[in-house]
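Here's a quick tour of a protein model, meant for someone who likes to check geometry against the picture. Keep the viewer open while you read.

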Amino acid sequence: MVSFLIKTFGCQFNELYSAAIADALVRGGNQSVEDLDKASLVIIDSCAVRKKSEEKAFSFLGEAAKTIGARNIVFIGCVASVDRERAVRIAGHGLRIIEGTMSLDAILAVVETLAPIELDDSPPRSLFPTADIELIRGCESYCTYCIVPAARGREISIDGADVLRSALGAVRSGFSELLFLGQNINKYRSSFGGLVGILSQVDAIEGSFWFWFLSSHPANFEPIEVRRLMELQHIEHRLHLPLQSGSDRILERMNRHYTLSQYADLVRPIRDAAGWALTTDIIVGFPGETNDDFLRTIDAVQEFRFDGVFLAKYSDRQGTPSSRMGDKVPQSVIDERHAMLLRVIQDLSREGNQRVAGQVVEVLVLSRQGSDKAFGRSIDGRNVWFSWMGQEPQVGRFMRVLIDHGSKEGLYGTTI
Ligand code: SF4
């Protein structure tokens, strides 16, 4: 038996891979530990999307190498692909690095040389009640600020029959939510067609479950597809569609291949429907962003009334085209714009959540918090903190909650 520790940085993909590795190790008879000095195997699942997460991964790598030695560390994720040399410099020779598209099979093959594992097709239990299911791996969109195409490699769609088998298995084993993943999920192709085709097949599975998907790219999505997805029975009432900037000039420099007006056409069905939420990603301070470009982003955020925005300050990622652009926005201006936009976003979130007061929403229970509170997520993706009358909440169950009030963080209420 081996004591192992998995440290995960970054996106939902990394969460999925780390959870699957942990499950395989536990089934193999190994023990998960939280402290480095109790571990004899360390797996670091790194993220290179932001400078900060990359530095954290390297710092943890250095600490782990000092504690258990490079030979007992498996280094995976985007940083492993884009800066192998630095990883070896920090940890020393013997470090096991997995680069490239990084299929789970390839990672598990290396892990198996260090500890016994047992494979199973079912979704990782540690993610319960949400089963993460990969639809497409890699990315070939080449946004100029992004390291993912270099780190994750070419797009590979997962066979439709395998996706359906995973979805069916997850529903039968009691998972209440399926999350389909792809860096650019609209590029998915299988014998069932594109994204709408495979999700329509999933929708036909009998059972009590919701599903949603991450992450869409406006350039590869059509309004008719949005409308068809909205008709599905099990789909959650939310769309996450990264806008990145409200200025067409900046979108072009980002190599995003859509305009603000095309984005507006795509989200119109969502904004016109009651009870559907729209969330997005925005980067402030992209090279060359003028005050006018920034004001267009503020206008767009207000016009689309986003229910949630993941706001990032631009930072150079080594090896990306934008890192070589000359007209960088000073850090003080980036900080100022970030603070200004954050206030707008928080006001919108507060107003959007306050509008739900007095309504009954369906909630998926995600955790218990003490003896009289629970936390969950509504069908349109809002955080919900609630107390109950009668039946006690159980993780993975759906409950109906009467909302008393909302704040910028979410909704508060009591079950009915
Ligand atoms: S679509 Fe753009 S931002 Fe998203 S992973 Fe691909 S290159 Fe990066």
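The notes below go through the sheets, the helix packing, the ligand shell and a few backbone oddities.

## What kind of model this is

One thing to keep in mind before poking around: this is a predicted model.

## The open parallel sheet

Let's start with the sheet near the beginning of the chain. It is an open sheet of 5 strands in the order β2-β1-β3-β4-β5, and the pairing is parallel. Which strands stand at the edges? Those are β2 (31-32) and β5 (96-97), each with a single partner strand, so one side of each has no neighbour in the sheet.

For a look at one pair inside this sheet, take strand β3 (residues 41-46) and strand β4 (residues 73-77), which are joined in the parallel sense by 5 bridges. If you want a spot to zoom in on, Ile 43 has Val 74 in β4 as its bridge partner.

## Helices on that sheet

Two helices are worth following here. α1 lies across β1 (3-8), β2, β3 and β4, and runs at about 175 degrees to β1. Helix α2 (residues 51-68) also packs on the sheet, where it touches β1, β3 and β4. The direction of α2 makes about 170 degrees with that of β3.

## Two helix pairs

Besides lying on strands, α1 has a helix to pack against. Helix α1 (residues 12-27) meets helix α5 (residues 104-111) at an angle of about 40 degrees, with the two axes 11 Å apart. That angle is why α1 and α5 count as oblique to each other, and their crossing is right-handed. On the α1 side the contact is made by Tyr 17, Ala 20, Ile 21 and Ala 24, and on the α5 side by Leu 104, Ile 107, Leu 108 and Val 111. Sorted by class, the α1 contact with α5 comes out as 8 nonpolar, no polar and no charged residues.

Further along, helix α7 (residues 160-172) and helix α8 (residues 195-203) have axes that come within 10 Å and cross at roughly 35 degrees. The crossing of α7 and α8 is right-handed. The α7 residues in the contact are Gly 160, Val 163, Leu 164 and Ala 167, and those of α8 are Ile 198, Gln 201 and Val 202. The class count for α7 with α8 is 5 nonpolar, 2 polar and no charged residues.

## The ligand shell

Now for the ligand. Which residues are around it? They are Cys 139, Ser 141, Tyr 142, Cys 143, Cys 146, Val 148, Pro 149, Gln 183, Asn 184 and His 217. By class, the shell around the ligand has 6 nonpolar and 4 polar residues, and no charged ones.

## The closed barrel

Later in the chain there's a closed barrel of 5 strands, running β13-β14-β15-β17-β16 with mixed pairing. On average, neighbouring strands of this sheet are turned by 50 degrees against each other, ignoring direction.

Going round the barrel, β13 pairs with strand β14 (residues 373-378) in the antiparallel sense over 6 bridges, and Gln 369 has Lys 373 in β14 as its bridge partner. β13 and β14 form a hairpin with 3 residues between the strands, and in that hairpin Gly 370 takes a positive phi near 75 degrees. Strand β13 (residues 360-369) also runs antiparallel to strand β16 (residues 398-406), joined by 5 bridges; here Leu 364 is partnered with Phe 398 in β16. β16 in turn pairs with strand β17 (residues 411-415), antiparallel again, over 5 bridges. Gly 406 stands opposite Leu 411 in β17, and the hairpin of β16 and β17 has 4 residues between the strands.

## Backbone oddities

If you like checking torsions, there are two cis peptide bonds to try. The bond from Phe 128 to Pro 129 is cis, with omega near 10 degrees, and Pro 129 sits in the loop between α5 and β6 (130-137). The bond from Leu 214 to Ser 215 is cis too, with omega near -10 degrees; Ser 215 belongs to the loop between β9 (210-214) and α9 (223-230).

Where is Asn 255? You'll find Asn 255 in the loop between α10 (248-253) and α11 (260-272). Although Asn 255 is not a glycine, it has a positive phi of about 65 degrees.

Definitions and conventions:
Residues numbered from 1 in each chain as written. Predicted model: local features only at pLDDT ≥ 70, side-chain atom pairs only at ≥ 80, totals over all residues. Near = placed C-beta within 6 Å. Nonpolar A, V, L, I, M, F, W, Y, C, P; charged D, E, K, R; others polar. Axes fitted to C-alpha atoms, helices over the stretch in contact; angles between N-to-C directions. Parallel < 35°, antiparallel > 145°, perpendicular 65-115°, else oblique. Left-handed = near helix turned anticlockwise from the far one by under 90°. Contact = placed C-beta atoms within 7 Å. Pairing = 2+ DSSP bridges.
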